[in-house]
Amino acid sequence: MINQTDWQSVRESLIADDRAKLGEPPTADELLAYERGELSSDDAARVQQLLVAYPELARAYATPFPSDDDDGDLPAEVIDRQWNAFRGANKDESGARVLQFWRGLAAIAATVAIALGALLWQTRMAQLTPRVLPDLPVLTPDGGRGVGHPDSTITPSGDRVLIVLSLMDATDYETYRLELIRNDSHERIWSSDPLPAPKNNSFNVEIPSRALRNGTYQMIAYGLRGNAREQIATYTIEVRGPAAP
Amino acid sequence: MSDDRFESIYRTHYARVWRYFRKNNIADDEAHDLSQDTFKRLLERMNQIRNDDPGPFLSTIAKSILLNRIRARQTQKRSARMVDIDDPDLIFSEPAAPAERDYADRETEEAQQRRLRAAIESLPPGQQEAQRLQLEGLQYDEVAKILGISIDAVKSRLRDAKRYLREQLGEQS
């Protein structure tokens with residue numbers, strides 16, 4: 001007759017052999033995924049076998065979480081004590097987190113202050129230091145030297161391009177206006193306010209490099225007298241260079 | 001998420017969480033420790049809860065903590081230090097030798113166990129799993145949850161398994 005000892009012995013030997021064959025018990029994440037039905041059929045079958053091989057884990061897995069109406073048998077003072085202990089332990093941690101946050105913020109602020117200080121110092125030094133300008137392109141009106149003359153090609157370097165527009169002798173107008181137009185799109189990029197007559201027969205114009213893409217532009221000079229406007233000169237500008245994307 | 005709301009959740013659900021660990025044969029002190037761990041993890045995830053019922057979150061966290069604890073113990077057992085038969089440590093934990101039994105009795109017992117094991121192993125996998133889980137003292141509903149089948153299916157598998165084992169083991173079963 002098979003007795004309880006036989007059953008027990010066989011049970012233990014089956015468990016030992018299964019564990020040797022199947023390996024480590026499933027992780028909590030695997031079991032929760034198994035419970036939600038998220039595992040593939042192969043993985044689910046493996047988890048089932050492991051649960052049979054690890055009955056303590058199977059028992060815990062199968063134990064339902066108590067329901068809402070399954071009220072506790074813990075006295076209120078025990079819950080008070082546990083809450084106070086919990087609050088004490090987590091207050092320290094949250095205080096440490098707040099301190100860490102402010103320390104981090106202070107470090108960032110210090111870094112930004114140093115960077116801004118360095119930038120300011122650099123700008124100030126640049127303002128105080130004399131600078132030699134490269135040869136300025138002096139543009140003469142089209143028709144004077146012809147389109148495509150080497151002098152009309154500029155290569156922007158730095159933030160701004162300075163050009164000199166020679167008016168020749170057209171200085172008998174009350175005021176002047178300059179306009180910059182991109183040739184291929186006929187887009188008017190810039191139009192000046194009325195300008196007084198220049199004393200040296202030329203206008204010095206500073207153009208932001210970012211406003212100039214590679215291509216051909218025309219700067220047009222108008223002479224203004226009362227409400228009348230007369231086109232007095234056109235300057236062709238070829239822009240070539242790395243700073244003009 | 002205000003501290004007041006968390007305190008209210010803590011006070012409302014603490015006993016439930018503690019009781020869950022106690023139901024799983026965790027000693028009282030450790031059940032309190034694991035409950036605190038559960039609420040600590042809940043506190044870290046409070047921004048996910050917003051105004052939802054915290055019950056499902058607590059249930060998942062508590063289960064995860066319990067399963068990890070049991071798994072860690074199982075893994076510890078598996079990786080326990082192996083001792084040699086002559087190791088001095090073995091002497092202190094060596095159980096008293098059982099009373100000497102007759103050789104014939106031992107032979108009979110071992111033969112019985114071999115037959116029983118062979119019969120269990122020859123059961124179809126589904127019946128074998130149900131049978132073995134029931135041997136562990138698990139109830140129908142627990143076996144059903146573990147195997148992902150209905151309680152009726154568990155009963156059916158167990159009925160078939162027992163019938164098969166009786167046939168295999170004859171009157172001895």
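These legends walk through several close-up views of a predicted two-chain model.

A note on reading them: residues are numbered from 1 along each chain as its sequence is written, while chains are lettered from A and ligands numbered from 1 in the order in which they are written. Since this is a predicted model, local features need pLDDT of at least 70 and side-chain atom pairs count only at pLDDT 80 or more, but totals for chains, interfaces and linings use all residues.

**View 1. Chain A from end to end.** Chain A holds 5 helices and 9 strands (DSSP runs numbered from the N terminus, with H or I and at least four residues for a helix, E and at least two for a strand). Along the sequence they come as α-α-α-α-α-β-β-β-β-β-β-β-β-β. Of its 245 residues, 17% are buried, where buried means 20 or more other C-beta atoms within 10 Å of the residue's own, exposed means 12 or fewer, and partly exposed is in between, with C-beta atoms placed from the backbone.

**View 2. Where chain A meets chain B.** The contact takes 39 residues from chain A and 48 residues from chain B; two residues touch if their C-beta atoms, placed from the backbone, lie within 7 Å. On the chain A side, the elements giving two or more residues are α1 (4-22), α2 (28-35), α3 (41-53), α4 (55-62) and α5 (76-128). Of these, α4(A) gives the most, with 8 residues. Sorted by class, that side has 24 nonpolar, 8 polar and 7 charged residues (Ala, Val, Leu, Ile, Met, Phe, Trp, Tyr, Cys and Pro are nonpolar, Asp, Glu, Lys and Arg charged, and the others, Gly among them, polar). The predictor gives the complex an ipTM of 0.80 and a pTM of 0.57.

**View 3. The largest nonpolar core.** This one has 42 residues, and A:L51, A:L57, A:A58, A:Y61, B:L66, B:L67 and B:V143 touch the most other members. A nonpolar core here is a set of buried Ala, Val, Leu, Ile, Met, Phe, Trp, Tyr and Cys residues joined through C-beta atoms within 7 Å. Helix α1 (residues 3-23) of chain B brings the largest share, 8 residues. Leaving out residues up to four places away in sequence, B:L66 touches A:A60, B:F21, B:N24 and B:L34. Apart from this core lies another, of 18 residues, including A:L180, A:I207, A:Y217 and A:A221.

**View 4. Helix α8 of chain B.** Mostly covered, α8(B) has 6 of its 8 residues buried: B:E142, B:V143, B:A144, B:K145, B:I146 and B:L147. They pack against α3 and α4 of chain A, together with α7 (125-135) and α9 (151-169) of chain B. Just after the helix, B:G148 takes a positive phi of about 70 degrees. In chain B, confidence is highest in α8 (residues 140-147), at a mean of 95, and lowest in α5 (residues 88-93), at 54; that confidence is pLDDT, the predictor's score for each residue from 0 to 100.

**View 5. Three strands of chain A side by side.** Strand β8 (residues 215-225) runs antiparallel to β4 (residues 175-182), joined by 8 bridges, with A:Y176 opposite A:G223. β8(A) also runs antiparallel to β9 (residues 228-239), joined by 11 bridges, with A:G215 opposite A:V239. Strands count as paired if DSSP finds at least two bridges between them. β8(A) and β9(A) form a hairpin with 2 residues between them, and A:G226 in the turn has a positive phi of about 60 degrees.
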